[in-house]
Amino acid sequence: MQQTTNTILMVRPVNFRMNEQTAVNNYYQESIDGVLPETINTKAQKEFDDYVEKLRGIGVNVIVVDDKKETDTPDSIFPNNWVSFHENGDVGIYPMFAENRRLERREDILETLEQEGFQINNIIDYTSAEEEQLFLEGTGSIILDRINRKAYCALSPRADEDLFIEFCEDFEYSPVIFTANQTVNGERKAIYHTNVMMCIGETFAVICLSSIDDKKERKNVIKHLKEDGKEIVDITEAQVTNFAGNMLQVKGANDERYLIMSQSAYDSLTSSQIKTLEKHTKIVSSSLETIETCGGGSARCMMAEVFLPKL
């Protein structure tokens, strides 16, 4: 089992904008007043292309698929929410909260991976849960410790507990369940995706412990991370707002490990947090300002990890 992969699937946007259907519970999204949608999309494409170039520059195998003009999919740039690819050849397909995000699921993307020489043995499809208004948005909702076979999930309108447990049974993970909150207009509200407040690397974990209001749950999460030998880098809610929880460790050339994050995430970290992380891994950051502002997602959301076996 491996925690990190060298292959990443990314979807290049064609209609990127603030998605009004996801903004109801993604409190990180903002509209940019007075800027034309075409301008926003062009800026997002430039950020996307620069990001892909950085990843390829360190030796990451990035498979880029273009979004389709004819589907109105403003969030297609975040494929990790609808699909996950596993070492045994299993693929998970997930139920999505926003109706227009369901259009992002594309069979031809799976075919592209097969053309690239990856083997798909089995598709586990949870999308029928949408009929019951139950959701589990892939590795946005689920943070996987693949080596220790643990799955962490912060429950929210986009992460249903029963569905998560079903996922854990199907993919053979032990569930670690909690609720993570943020302050919105003076109220504590569920953070929409676990991967906004938490990232697990091979030997470390970045997490906003103060977002877990329930002390028992917080203690339990710390216990699991510590017993698996993860050094914990605790981030603040202000750092979460700058997407410092939305990071992913990947493998580059010569098996070198890199922690990928946005420029705003990097800029929000303290020098001691950076020092701690650099003991474990090299850091690469890329400016994703437009994507973060309008999309309410960041570097990690844009990468669907490919662990599938090669034919």
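This is a short dialogue on reading salt bridges in a predicted model.

Q: What counts as a salt bridge here, and how many are there?
A: You look for a side-chain nitrogen of Lys or Arg within 4 Å of a carboxyl oxygen of Asp or Glu. By that rule, the count comes to 18 salt bridges.

Q: OK, show me one. Which residue does D108 pair with?
A: Its partner is R106, and the closest N and O atoms sit 2.8 Å apart.

Q: Are D108 and R106 buried or exposed?
A: Check relative accessible area: buried means under 20%, exposed over 50%, and partly exposed lies in between. D108 comes out at 25%, so we call D108 partly exposed. R106 has 12%, so R106 is buried.

Q: What does R146 bridge to?
A: That would be E305, with 3.7 Å between the closest N and O atoms. R146 belongs to the loop between β6 (142-145) and β7 (150-154), while E305 is in strand β17 (residues 304-306), so this pair ties together parts 159 residues apart in sequence. R146 and E305 are both buried.

Q: And where do R188 and E237 sit along the chain?
A: First the contact: their side chains meet in a salt bridge at 3.0 Å, N to O. R188 is in strand β10 (residues 187-190) and E237 in helix α6 (residues 237-241), so to speak distant parts of the chain, 49 residues apart. For accessibility, R188 has 35% and counts as partly exposed, and E237, with 26%, is partly exposed too.

Q: Which residues are linked in a network of salt bridges?
A: Look at K150, K223, E227 and D228: salt bridges link them in a network.

Technical notes. Residues numbered from 1 in each chain as written. Predicted model: local features only at pLDDT ≥ 70, side-chain atom pairs only at ≥ 80, totals over all residues. Heavy atoms only, no water. Buried < 20%, exposed > 50% of the residue type's maximum accessible area, 1.4 Å probe, protein only. Helix = DSSP H or I, 4+ residues; strand = E, 2+ residues; numbered from the N terminus.
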